[in-house]
Amino acid sequence: MTERLVSVDAEGRVAVESAGSGGGKGIYWVLKNVLLGPPIRKIFRPIEEGIENVPGTGPAIIASNHLSFADWLFMPLALDRRVTFVAKSDYFTGAGLKGWAQKRFFAGTGQVPIDRSGGRASEGALRAGLKVLQRGELFGIYPEGTRSHDGRLYKGRTGVARLALLAGVPVIPSAVIGTDVIAPPGKIVTKIVSPTIRFGRPLDFSRYAPMSEDRFILRSITDEIMYAIMELSGQEYVDVYAPTAKAAAAREAAVREADEVSPQA
């Protein structure tokens with residue numbers, strides 16, 4: 001019998017659809033256990049804490065801070081189970097040999113494509129997460145929505161809370177520390193250090209199950225998740241969305257640069 005999943009369409013309506021099979025598992029395990037995992041472990045020697053907080057079976061959301069593109073390499077490497085994330089659909093549509101290799105790599109490392117253009121990106125991520133969780137797997141999510149540009153922890157998007165309530169699964173807070181030293185934004189690898197990956201105790205929000213559309217409940221849950229991540233990471237928390245803070249920093253930098261090159265009176 002084909003498993004049926006509750007999902008959400010682009011307008012936010014709940015629908016029922018086929019579960020699918022979650023392809024790419026073979027490539028995932030080859031990359032993790034043969035091609036990428038062993039050399040990464042040998043070179044960087046990551047420190048892993050709280051792995052016992054991640055269930056050995058069953059669905060759960062892993063909500064983490066986001067400092068570097070390297071986060072989605074080191075965090076899943078700490079676990080025996082596959083962790084699925086969402087990625088820009090552009091990574092899956094390239095042409096030629098490079099496009100094919102890129103598509104196989106991202107699919108094989110546990111990524112599923114979503115279209116991030118326009119205002120429907122969050123719904124696409126929600127639908128993808130529901131499919132993964134209702135297959136009984138782990139779904140990884142970065143509530144900040146983007147990488148931190150300055151190492152601080154920023155306000156979380158409420159999609160993680162809505163997903164937890166719709167799927168009826170626990171949220172496991174996680175923190176990566178040091179990946180921004182290894183691979184800062186815009187860089188590949190600049191320094192070899194041992195990153196730390198921490199997993200906190202699962203957070204149960206089942207008591208709020210009927211309130212998945214209540215924006216105050218969603219914000220409260222999200223803030224609780226971000227507080228747990230902050231305790232694990234030790235980061236300074238900023239109650240502003242990361243893109244807003246990044247844009248403000250860019251404007252300030254532009255003003256300073258203009259002041260420096262302007263002729264003196």
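Is R219 buried or exposed? I started my notebook with that one, keeping in mind that this is a predicted model. R219 counts as buried, since its relative accessibility is 19% and the cut-off for buried is under 20%.

**Entry: helix α8.** I looked up what R219 touches and found a salt bridge with the side chain of D223, at 3.0 Å from N to O. Both residues belong to helix α8 (residues 215-233), where four residues, about one turn of the helix, separate them. D223 is partly exposed, at 33% relative accessibility.

**Entry: other salt bridges.** I then noted that D150, R152 and E236 are joined into one network by salt bridges that share partners. The total I have for the model is seven salt bridges.

One of them pairs R198 with E49, whose closest N and O atoms are 2.7 Å apart. R198 sits in strand β10 (residues 196-199) and E49 in strand β3 (residues 47-49), so this pair ties together parts that lie 149 residues apart in sequence. I checked accessibility too: R198 is partly exposed at 26%, and E49 is partly exposed at 34%.

Another links E137 and R135, with 3.3 Å between the closest N and O atoms. Here E137 is buried, at 12% relative accessibility, while R135 is partly exposed, at 23%.

**Entry: strand β7.** Next I followed strand β7 (residues 138-141) and asked which way its residues point. L138 and G140 point one way, F139 and I141 the other, and all are buried. Strand β4 (residues 60-64) runs parallel to β7 and is joined to it by four bridges. I picked out I62, whose bridge partner in β7 is G140.

Key. Residues numbered from 1 in each chain as written. Predicted model: local features only at pLDDT ≥ 70, side-chain atom pairs only at ≥ 80, totals over all residues. Heavy atoms only, no water. Buried < 20%, exposed > 50% of the residue type's maximum accessible area, 1.4 Å probe, protein only. Helix = DSSP H or I, 4+ residues; strand = E, 2+ residues; numbered from the N terminus. Pairing = 2+ DSSP bridges. Salt bridge = Lys/Arg side-chain N within 4 Å of Asp/Glu carboxyl O.
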